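Notebook open, model loaded. I want to look up one strand and its surroundings, then check the aromatic rings.

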Amino acid sequence: MQKLREQTDAKIAFGRQKNPEFMKGVDEIIEEAKAFEKGKNALKVGEQAPNFELPDALGNQIKLSGLLENGAVVVTFYRGSWCPYCNLQLRALQAKLPVIQSLGATLVAISPEVPDASMTKNEISEMDFTVLSDQDAKVASKYGVAWEVPEFLLDHMRVDRNLDLKQINNGNGTVLPIPATFIVGTDGAIQWSYVNVDYRTRSEPDEIVEALKSIS
């Protein structure tokens with residue numbers, strides 16, 4: 001099976017061929033974000049992870065503190081089911097889930113989408129980890145990974161992809177999480193993290209597994 005990074009790199013390369021002007025614009029936005037150190041406020045290793053209580057796809061309220069009673073928790077923030085890079089990431093995480101669980105960890109994925117829209121029922125049934133809804137991006141903000149989406153990208157979503165984020169995210173149409181992954185230890189402290197303002201690049205599941213091995 002291809003590494004997640006190989007899959008996302010291939011998608012980026014395809015995008016550059018299919019829509020070079022758009023990808024050039026994305027490159028410029030990412031470089032600007034890096035220049036202004038977007039994501040610099042993300043939680044660092046050793047800091048305490050804010051507790052949260054969010055609904056899953058069935059409306060059940062899930063608390064981080066409750067999950068930590070069973071072991072470390074891998075918390076990954078993603079933009080939404082409409083994002084092709086997110087879908088690649090979630091499938092890659094699903095493939096590695098047995099290893100993650102064998103190391104005593106729980107995986108949760110958080111996006112701003114409303115609970116019944118984040119994934120289809122069939123997709124939910126195929127995923128063995130919990131998908132949570134952070135509609136107002138408050139949890140993403142507490143973790144320092146909330147990002148005000150540039151108008152260039154919002155315009156692309158509306159015009160080229162017919163995406164209405166306000167509808168998808170129940171009113172929040174301009175803030176998305178920076179794709180980020182944190183490993184929270186049983187003491188509630190961040191043990192490992194990956195944050196990248198380039199939404200096309202994600203943490204490799206194998207890196208998460210290796211990190212879990214090192215802290216277990």
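Started with strand β3, residues 73-77, keeping in mind that this is a predicted model. I found β3 mostly covered, with 5 of its 5 residues buried.

Next I checked which way the side chains go. Val73, Val75 and Phe77 point one way from β3, while Val74 and Thr76 point the other way. Both sets are buried. That fits the usual pattern: in a regular strand, side chains alternate between the two faces of the sheet.

Then the neighbours. Which strand pairs with β3 in the parallel sense? I get strand β4 (residues 106-111), over 5 bridges. Thr76 sits opposite Ala109 of β4. The link goes through helix α4 (residues 84-102), and β3, α4 and β4 make a right-handed β-α-β unit. Strand β8 (residues 180-184) runs antiparallel to β3, also joined by 5 bridges. There, Val73 stands opposite Val184.

On to the rings. I count 5 aromatic pairs in the structure. One of them is Tyr85 with Tyr199, edge-to-face, at 5.9 Å centre to centre and 70° between the planes. This pair ties together distant parts of the chain, 114 residues apart: Tyr85 belongs to helix α4, and Tyr199 to the loop between β9 (190-195) and α9 (205-215).

Are these two buried or exposed? Tyr85 has a relative accessible area of 7%, so it counts as buried. Tyr199 is buried too, at 5%.

Tyr199 has another contact: Arg79 lies over its face, 3.9 Å from the ring centre.

Last look, back at β3: its Phe77 belongs to a cluster linked by ring pairs, together with Phe52, Tyr143 and Phe182.

Methods
Residues numbered from 1 in each chain as written. Predicted model: local features only at pLDDT ≥ 70, side-chain atom pairs only at ≥ 80, totals over all residues. Heavy atoms only, no water. Buried < 20%, exposed > 50% of the residue type's maximum accessible area, 1.4 Å probe, protein only. Helix = DSSP H or I, 4+ residues; strand = E, 2+ residues; numbered from the N terminus. Pairing = 2+ DSSP bridges. Right-handed = clockwise from strand over helix to strand, strands pointing away. Phe/Tyr/Trp six-rings, centres within 6.5 Å; stacked < 30°, edge-to-face > 60°. Lys NZ or Arg CZ within 6 Å of the ring centre and 35° of its normal.
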